[in-house]
Amino acid sequence: MIVITAPTGNIGSRLLAGLLDSAPAAGERLRVIVRDPARLPDEVRERAEVITGSHGDADVVDRAFEGADAVFWLVPPDASLTPQDAYSTFTRPALKALAAHRVGHVVGVSALGRGTPVAGRAGLVTASLAMDDLIADSGVAYRALACPSFFENLLEEAASIREGVFTDVVAPDRRAPLVAVADIAAVAAGLLLKRSWSGVDSVPVLGPQDLSPNDLARIMAEQLGRPVRYERRPFDELYTTLLGYGLNDAFAQGVVDMKRAKDDGLDAGVSRTRATATPTTFEHWCAETLKPAVLS
C-alpha cells in the first residue's frame, strides 16, 4: 500500500497518474489523502482509495497510514502560517501515525541546500530541512527529494511573459539548477515502487543543466518567437508585494530569505552527475507547457 499526499498538486497529480498502472502491476494498492475528492479525476476515484481531509490532521493521517507500507509526503506551504508551523508543526501528527502503524518508507519533497553556509538562513528551505530532520528521527527509512526551483514557477508569470518580461530577485547571470515537476514525480515513483533502500538520505533532483535568468529569457524568446527579457527586482519590493497578497509576515520574510540564499549559492552545494540529473530540458518544457500558456 502506497499513500500519496497532495494528489491534486503539481507533483502529486503527476505521481499519481504515473502510478495508477505501474503500482497495481507491481502488486501495490494506492490510497490518497485529499481535502476535496471532487478535484480528483474520475479514474483516480475509481482505482485508488480516497481518504478525505488534511494530511496535517491527526485523525486523517491515522486512518490513512493504517496498513500502509510507503508514504509520499509533500507539505503544501500555508502562507497564512509561519514557516515553522507550515512545515514542522504540520508534519508532527504524521510522525505519530507513521510510528503507530509501523510504516516502513517515506519519500518527501524537500529542497537543496543542506550543508551549505547559507542553509541556516534560507527561510522556507531552512524550515523544510528542519521538517526532514523530524521525519528522519522518527525511525522510518526516508528519502528527501532535494529539489531546486521548478520550471513551473514561471507559469505564474505567463501574463507578464506575454508582454515580454519576467522578474525575480536573483542576479541575472546567477546560474543554478532548475527542474520540471514531472521529473520529480518520476524519481518519487521509482523510490516508492522499489523499496530496497533503507536508512536516511537525500536524493538531489537537479534537472539537466544550470541556467541563469538571462539564459531563461533567451530560451523563452527562442521558443515563443518573441522578445523576452529578465528584470531584477529588489528584495524589499518582493517582501512588500507578498504582504500585499495577504501572506503571514514571517512567511513572506521566509520567501525573501530563501530567494536571498539562492542568490548566495544555496542550490550550488551538489554536483550534477548521471544519478542526480533529470531529463526534461527547459527548451522542451517551454515548447510543451509554457508556450501554450503564454500564447493562449
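The exercises below, each with a worked solution, concern a predicted model.

**Exercise 1.** Determine how the span of helix 5 relates to the expected value, and identify which elements cover its buried residues.

*Solution.* Helix 5 runs over residues 124–136 and has 13 residues. From its first C-alpha to its last, helix 5 reaches 18 Å, which is close to the 18 Å expected at 1.5 Å a residue. The next step is to list the buried residues of this helix, which are Leu124, Val125, Ala127, Ser128, Leu129, Met131, Asp132, Leu134 and Ile135. The cover over these buried residues includes three strands, namely strand 4 (70–73), strand 5 (105–111) and strand 6 (141–147), together with helix 4 (83–100) and helix 10 (249–263).

**Exercise 2.** Find which residues ring pairs link into a cluster with Trp285, and work out the geometry of the pairs.

*Solution.* A search of the whole structure finds five aromatic pairs. One of them joins phenylalanine 151 to tryptophan 285 at 5.7 Å centre to centre, and with 50 degrees between the planes this pair is tilted. Phenylalanine 151 lies in the loop between strand 7 (149–150) and helix 6 (158–162), whereas tryptophan 285 belongs to helix 11 (residues 282–295), so the pair ties together parts that are 134 residues apart in sequence. A second pair is formed by phenylalanine 282 and tryptophan 285, whose rings are stacked, 5.8 Å centre to centre and 20 degrees between the planes. These two residues are three residues apart in helix 11 and are therefore separated by about one helical turn. Ring pairs thus link Phe151, Phe282 and Trp285 into a cluster.

The burial of these residues can then be checked against the cut-off of under 20% relative accessible area. Phenylalanine 151 counts as buried because its relative accessibility is 1%, and tryptophan 285, with a relative accessible area of 3%, is buried too. Phenylalanine 282 is likewise buried.

**Exercise 3.** Establish whether threonine 5 is buried or exposed, and which backbone atoms its side chain reaches.

*Solution.* Threonine 5 is found in the loop between strand 1 (2–4) and helix 1 (10–25). Its relative accessible area is 0%, so threonine 5 is buried. The side chain of threonine 5 reaches the backbone oxygen of phenylalanine 72 at 2.8 Å, and that side chain also reaches the backbone nitrogen of leucine 74 at 3.0 Å. When residues up to four places away in sequence are not counted, threonine 5 touches Ile33, His55, Phe72, Trp73 and Leu74.

**Exercise 4.** Identify which ring lies under the charged end of arginine 260.

*Solution.* The ring is that of phenylalanine 235, and the charged end of arginine 260 sits over this ring at 4.2 Å from its centre.

Terms used: Residues numbered from 1 in each chain as written. Predicted model: local features only at pLDDT ≥ 70, side-chain atom pairs only at ≥ 80, totals over all residues. Heavy atoms only, no water. Helix = DSSP H or I, 4+ residues; strand = E, 2+ residues; numbered from the N terminus. Expected span 1.5 Å × (residues − 1). Buried < 20%, exposed > 50% of the residue type's maximum accessible area, 1.4 Å probe, protein only. Contact = heavy atoms within 4.5 Å. Phe/Tyr/Trp six-rings, centres within 6.5 Å; stacked < 30°, edge-to-face > 60°. Lys NZ or Arg CZ within 6 Å of the ring centre and 35° of its normal. Polar contact = N/O pair within 3.5 Å; in protein donor to acceptor, adjacent residues only side chain to side chain.
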